[in-house]
Structure formats: C-alpha cells, structure tokens
Amino acid sequence: MLPEITSILYATDMGPGSSHVFRYALSLARQYQAKVAILHVVEPLTPFGQSLVELHISHSSSEQQHATDRQHLIKELRNRIHEICGKEACVAEENLIDGVYVVEGQAAQVIIQQAKQLASDIIVMGTHRHSVMGEALLGSTARKVLHSGTVPTLLVRIPEQEEILEKKD
C-alpha cells in the first residue's frame with residue numbers, strides 16, 4: 001500500500017534557499033492534497049549569553065523583548081510565505097498552509113518533536129553544502145533529523161546558484 005501524505009512539516013532556517021525548499025513542500029501538498037505546517041526553530045541563548053543581555057536590561061524586559069521578537073519572526077515568516085505563494089501562483093482557495101510555528105530549542109530535537117506532535121507524514125527541509133571538516137565539527141541539523149527521527153524526511157539540496165540569487169534579493 002502506498003503511503004498517504006496529508007500533513008507536511010516544512011522546517012526552515014529562513015536562510016538563503018528557503019523559498020527553493022518551500023516550493024518542494026508546496027508541490028507535495030498540491031500533489032497529495034495535503035496541508036503544510038511551517039516551522040522555524042530559534043536556538044536559545046546560552047546561559048552566558050543570557051547573563052550578558054541581563055547586564056544591560058532586566059530579566060522581565062528581556063522576556064518581553066523575546067516575546068516581541070517571536071511575533072516579529074512569525075510576521076516575517078508569513079510575509080515570506082505570501083511572497084513565495086505570489087511567485088508560485090498559490091491561490092487562497094487551496095488553503096495549503098496549516099500553521100506557522102516559531103519554537104525555541106535545539107533545531108533537530110524540536111523538528112522531530114513537532115513532526116510527532118503535528119502527526120506529520122513527511123518532513124521537508126533544506127540542506128546546505130558543507131565541507132567534510134565542517135560537517136564533522138558542527139554536525140548537521142538535517143543529518144540529525146534524518147537519523148534520529150521516525151518520520152520520513154525529504155532533504156532538498158539548496159543549489160549554490162539559488163543561494164546567490166536569494167542573497168541579492
């Protein structure tokens with residue numbers, strides 16, 4: 001029996017090439033008449049970073065700024081989605097977008113957790129070209145999701161040309 005895809009989790013770092021990857025999520029959604037949940041993960045400040053911030057502003061001000069920044073990110077994500085949909089001729093009637101989520105945590109862990117929580121049938125995410133040494137030292141969110149998660153994952157290679165074109169926009 002062929003797998004049924006009704007729920008797609010598109011995980012984005014909002015970096016160069018993200019619209020290229022989003023097109024794959026949209027294509028799958030159209031083909032399978034599925035919904036796309038969009039996730040952006042914000043890595044938390046380290047305790048040292050938080051203490052540096054709180055040297056200059058109070059803890060409550062820091063929390064308030066954090067909430068404001070989260071709302072700004074959600075608004076920016078929605079604007080980018082609208083822009084991409086305009087380019088890709090998405091029509092409102094298609095109702096492909098199921099939600100936009102901005103979550104704080106370690107990227108790979110959050111993507112895996114959200115995929116389970118949202119009952120996603122597939123994860124769509126981009127992967128950048130890394131050197132062997134960079135991959136060994138830094139690791140890769142895509143690799144961690146692919147090897148640690150249980151939800152099938154479509155990794156979309158972000159072409160260098162696409163990265164360059166989006167940086168100019």
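# A tour of the sheet and its two cores

Begin by selecting strand β2, residues 35–42, together with β3, and you will see two strands that pair in the parallel sense over seven bridges. For one such bridge, pick Leu39 and look in β3 for its partner, which is Tyr101. As you go on, keep in mind that this is a predicted model, so colouring by confidence is a sensible habit: the mean pLDDT of the chain is 81, and 82% of its residues reach 70 or more.

**The whole sheet**

Now add β1, which runs parallel to β2 and is joined to it by six bridges; at Thr12, for example, the bridge partner in β2 is His40. If you then select every strand of the sheet, you will find five of them, forming an open sheet in the order β3-β2-β1-β4-β5, with parallel pairing. The edges are β3 (97–104) and β5 (153–157), each of which pairs on one side only, and from one strand to the next the twist averages 20°.

How much of β2 is buried? Six of its eight residues are, so this strand is largely enclosed by the rest of the structure.

**The helices on the sheet**

Select helix α1, residues 18–32, which packs on the sheet and touches β1 (7–12), β2, β3, β4 (122–127) and β5, while its direction makes about 180° with that of β1. Next select helix α4, residues 107–117, which also packs on the sheet, where it touches β1, β2, β3 and β4, and whose direction makes about 155° with that of β2. Confidence within the chain is highest in α4, at a mean of 96, whereas it is lowest in helix α5 (residues 132–138), at 47, and the placing of α5 is best read with care.

**An aromatic pair**

Which residues should you show for the one aromatic pair that a search of the whole structure finds? They are Tyr10 and Phe22, whose rings are tilted, with 5.1 Å centre to centre and 40° between the planes. Because Tyr10 lies in strand β1 and Phe22 in helix α1, the pair ties together parts that are 12 residues apart in sequence. Both Tyr10 and Phe22 are buried.

**The largest core**

In soluble globular proteins, nonpolar side chains tend to be buried together. Here the largest nonpolar core has 24 residues, and those with the most contacts inside it are Ile8, Tyr10, Phe22, Ala25, Val36, Ile38 and Val124. The elements giving two or more residues to this core are β1, α1, β2, α3 (59–87), β3 and β4, and the largest share, six residues, comes from α1. Centre the view on Val36 and, leaving out residues up to four places away in sequence, you can trace its contacts, among them Ile8, Tyr10, Phe22, Ala25 and Ala29, as well as Leu96 and Ile97.

**The second core, by way of Ala11**

A second, separate core of 16 residues includes Ala11, Ala107, Ile123 and Val151. Select Ala11, which is found in strand β1 and, at 9% relative accessibility, counts as buried. Apart from neighbours within four places in sequence, Ala11 is in contact with Leu39, Ile111, Val124, Met125 and Gly126. As a last step, draw a distance from Ala11 to Phe22: these residues are 11 apart in sequence and lie 8.9 Å from each other, C-alpha to C-alpha.

How values were computed. Residues are numbered from 1 along each chain as its sequence is written. This is a predicted model: local features need pLDDT of at least 70, side-chain atom pairs count only at pLDDT 80 or more; totals for chains, interfaces and linings use all residues. Side-chain values use heavy atoms; hydrogens and water are left out. Two strands pair if DSSP finds at least two bridges between them. Helices (H or I, at least four residues) and strands (E, at least two) are DSSP runs, numbered from the N terminus. Axes are lines fitted to C-alpha atoms, for helices over the stretch in contact, and angles run from 0 to 180 degrees between N-to-C directions. Contact means heavy atoms within 4.5 Å. pLDDT is the predictor's confidence in each residue, from 0 to 100. Buried means under 20% relative accessible area, exposed over 50%, partly exposed in between (1.4 Å probe, protein chains only). Rings of Phe, Tyr and Trp (its six-membered ring) pair if their centres lie within 6.5 Å; planes under 30 degrees apart count as stacked, over 60 as edge-to-face and the rest as tilted. A nonpolar core is a set of buried Ala, Val, Leu, Ile, Met, Phe, Trp, Tyr and Cys residues joined through side-chain atoms within 4.5 Å.
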